[in-house]
Amino acid sequence: MLMDEHTLAHGAYWTVKEFFTYPNEYIYWGIHIVIYPYLTGLVAGAFVLSSLYHVFGKDELKPVAKFSLVFSLALLIMAPTPLLLHLTQPQRSINIMMTPHFYSAISAFTFIYLTYMSIVLSEIWFVFRPYIIKQAQERNGLMGLLYKVLTLGSYDVSEKALHIDEKIVKILATAGIPAACVLHGYVGFIFGSVKTVPLWKTPLMPFIFLMSAVISGVAVCIVTYIAGMAFKKHFICFVPIKSMCKVLSYFLAIAFLLEGIDIVFHAYTAEEFWGIMSELLFKRFAFKMIVVQWICGMILPFFLLVLPRLSMLRAFVAASLVLMGVFTMRWDVVIGGQSMSKSFAGFLEFHIPFLSKNFDILKEGIIPAVGLLMAPFVLLFIFNKVLPVFKDIFTEQECAEAEDRLSQRLF
Amino acid sequence: MVTRRDFIKAGLLTVAGMAIPISALEMFKPEAMASLVRSFSEKKRWAFVVDTTKCVGCGMCAKACKLENEIPFEAEVQRTWVERYIQLKDGDVIIDSPKGAREGFTSNDPYGHEVKDEEITKQFYVPKLCNQCEKPSCVQVCPAGATYKTEDGVSLVDRSWCIGCGYCITNCPYFARFFNPVTNTADKCTFCYHRITKGKQTACIDACAFGVRKIGYINDPNSEVFKIISSKRVAVLKPEYGNEPHVFYLGLDQIVR
Ligand code: SF4
Ligand code: SF4
């Protein structure tokens with residue numbers, strides 16, 4: 001036990017105060033509350049992408065449909081971990097379920113999460129059913145056993161059964177869209193409902209979060225798909241990527257508009273807190289917000305995507321920029337919001353911990369954060385061994401055909 | 001020709017029509033005032049009065065609170081604290097609360113810069129504590145129901161049930177809450193619930209030599225807080241948040257945050 005363990009207030013280690021802040025005021029919501037909405041956002045975005053194929057019949061997205069679906073599961077599994085790490089009493093997290101207090105936005109988490117999880121899991125099962133059955137019949141040993149378990153005892157691959165599967169997938173994918181929106185819009189609500197933080201307190205919050213979720217989810221799929229295919233040395237058909245880029249650019253525009261409206265509104269109504277908020281926006285967080293979040297994370301990638309003769313490299317760069325931009329946005333919202341003292345007369349600065357002997361400090365630091373951000377990719381790698389997601393690819397000829405079809409469509 | 005029947009009908013309608021706006025008024029009546037007119041037997045409700053005009057910033061209250069409630073003395077968190085406000089002639093306002101004033105204000109150099117007497121137009125101290133809100137936004141957001149409001153109006157935290165999410169801390173407009181470094185759960189002023197329910201005063205009231213702080217039932221006509229709140233001009237902190245705080249201040253200034 002460290003000597004200072006009991007005299008160091010939670011938050012005091014990583015908060016630096018300036019001017020007048022209340023004595024109990026610290027950055028209480030740290031890096032994990034930045035990562036949590038980032039991850040759930042990626043989940044929602046990746047899922048919406050797979051639904052575009054299943055529900056809206058965007059054939060050109062076929063090669064990425066399975067991939068984005070499985071990837072969203074990998075992300076979804078990791079989504080609650082930052083929340084757990086954030087709690088000072090994680091072993092009691094079950095209390096939320098034992099005595100849920102429904103006036104609290106967080107209490108609905110388990111319910112929404114489990115609903116969504118079951119939709120994603122069942123959709124994956126139906127999508128991969130034929131593959132699983134084939135493997136179960138062909139393979140032996142441990143993997144064979146695994147696939148046999150995964151079949152859940154159903155070996156019917158008749159045309160009729162497959163047709164029913166398709167229908168079910170369509171229903172699940174459709175139900176998944178509102179569920180994904182709720183999952184993430186609700187995260188926005190958690191922030192939007194905190195009435196003491198002016199930067200969060202806007203009814204637009206759920207929608208702002210939702211739009212940034214979609215752009216980050218699509219962007220992460222573009223980046224991972226290109227990287228994964230290149231790694232596997234497959235032929236990469238540009239058609240699905242182009243289509244994803246189109247989706248990305250539409251949602252980028254909406255997201256930018258929403259965030260812009262929010263700021264303009266604050267500036268125009270200029271309530272009591274606008275003084276401190278404008279100092280945050282144009283001084284303290286100016287680089288992070290204006291340069292990284294808006295210019296590099298939204299405006300630049302938008303033009304990279306919509307300018308003619310889009311190339312694979314440009315798509316990759318644009319999507320990476322979007323990912324960075326959305327992460328910065330989460331940071332700016334969570335940390336920036338708490339940086340303004342509730343006294344409106346002071347600032348708090350967040351210094352993310354790196355190494356510490358004190359576990360409570362270490363767990364709020366960079367190392368777990370990096371681990372958490374890597375974990376979904378590791379999970380995807382493992383899942384890919386069981387349910388290959390990079391297999392459904394277009395041959396060069398199919399690719400050309402898809403290109404043809406796409407060029408005849410307006411959207 | 002107006003028959004008697006029509007007359008009664010119209011009369012009843014008028015009465016019914018008027019009843020709606022009157023009941024609407026009843027709805028918007030501030031809870032604090034409503035409890036003043038309600039009889040004592042109906043509902044006991046704790047309230048606090050702080051007379052800022054008498055406070056000298058000695059910080060004995062903050063010190064006593066820490067000792068009474070076993071919050072590590074050196075930890076930079078306070079259940080109650082005192083803020084100093086200095087209005088300068090050039091229009092600037094300096095606010096500080098070094099160590100939550102648990103060691104008192106001993107020098108005239110906020111943040112290490114000396115302020116000369118002739119630069120100051122006014123200076124005063126404002127003690128703060130949990131406002132035991134009628135509509136506590138901290139209780140509203142607790143996902144586990146670990147923090148709750150008692151029948152007599154005091155919000156408490158169940159330390160054995162709190163998961164430590166910090167939602168309540170973030171959602172208190174007054175930053176009355178913090179994480180207790182020993183229990184690692186949310187913590188805050190309880191109005192010394194363990195003392196007041198046994199007929200004692202709070203630790204901070206006992207420690208204050210200047211009679212700044214007072215506690216009592218807001219709806220007991222014999223209590224001092226009732227007398228002050230019902231007859232003097234009092235104000236609450238940040239009423240715009242709608243929490244309906246129940247710590248009433250005498251001599252509050254517009255520069256107070
Ligand atoms: S002052 Fe803050 S902690 Fe106290 S009851 Fe009100 S909202 Fe809750
Ligand atoms: S920190 Fe504890 S008391 Fe506060 S909202 Fe979370 S669980 Fe409830």
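## Exercises on a predicted two-chain model with ligands

The shell of ligand 2 holds 7 nonpolar residues, 3 polar ones and no charged ones. The model is predicted, and the exercises below start from this shell.

**Exercise 1.** State which residues surround ligand 2, and check how they divide by class.

Solution. Step one: list the shell. Ligand 2 is surrounded by B:Cys142, B:Pro143, B:Thr147, B:Cys162, B:Ile163, B:Gly164, B:Cys165, B:Gly166, B:Cys168 and B:Ala186. Step two: assign classes. Cys, Pro, Ile and Ala count as nonpolar, whereas Gly counts as polar, as does Thr. Step three: compare with the tally, which is 7 nonpolar, 3 polar and no charged.

**Exercise 2.** Describe the shell of ligand 1 by its nearest residues and by class.

Solution. Step one: there are 13 residues around ligand 1, and those that come nearest are B:Cys130, B:Asn131, B:Cys133, B:Cys138 and B:Cys172. Step two: the shell divides into 6 nonpolar, 5 polar and 2 charged residues.

**Exercise 3.** Characterise the interface of chain B and chain A by residues, buried area and polar pairs.

Solution. Step one: chain B contributes 53 residues to the contact and chain A 45 residues. Step two: about 4000 Å² is buried between the two chains, with 57% of it from carbon and sulfur atoms. B:Ile163, B:Tyr167 and B:Phe175 supply 19% of the area that chain B buries against chain A, more than any other three residues. B:Ile163 also belongs to the shell of ligand 2. Step three: 34 residue pairs are in polar contact between the chains, both residues at pLDDT 80 or more, while the rule finds 0 salt bridges across the interface. Step four: on the side of chain B that touches chain A, H4(B) has the largest share, 4 residues. By class, that side has 28 nonpolar, 15 polar and 10 charged residues.

**Exercise 4.** Explain why A:Leu248 counts as buried, and place this residue in chain A.

Solution. Step one: A:Leu248 lies in helix H9, residues 238-269 of chain A. Step two: A:Leu248 counts as buried because its relative accessibility is 0%, and the cut-off for buried is under 20%. Step three: leaving out residues up to four places away in sequence, A:Leu248 touches A:Ile215, A:Val218, A:Ala219, A:Ile222, A:Leu305, A:Ala319 and A:Val322. Step four: A:Leu49 is 199 residues from A:Leu248 in sequence, with a C-alpha to C-alpha separation of 9.9 Å.

Conventions
Residues are numbered from 1 along each chain as its sequence is written. Chains are lettered from A and ligands numbered from 1 in the order in which they are written. This is a predicted model: local features need pLDDT of at least 70, side-chain atom pairs count only at pLDDT 80 or more; totals for chains, interfaces and linings use all residues. Side-chain values use heavy atoms; hydrogens and water are left out. Contact means heavy atoms within 4.5 Å. Buried area is the accessible area (1.4 Å probe) that two parts lose on being put together, summed over both. A salt bridge is a side-chain nitrogen of Lys or Arg within 4 Å of a carboxyl oxygen of Asp or Glu. A polar contact is a pair of N or O atoms within 3.5 Å; within protein, one must be able to donate a hydrogen and the other to accept it, and residues adjacent in sequence count only if both atoms are side-chain atoms. Helices (H or I, at least four residues) and strands (E, at least two) are DSSP runs, numbered from the N terminus. A residue is near a molecule or strand if one of its heavy atoms lies within 4 Å of it. Buried means under 20% relative accessible area, exposed over 50%, partly exposed in between (1.4 Å probe, protein chains only).
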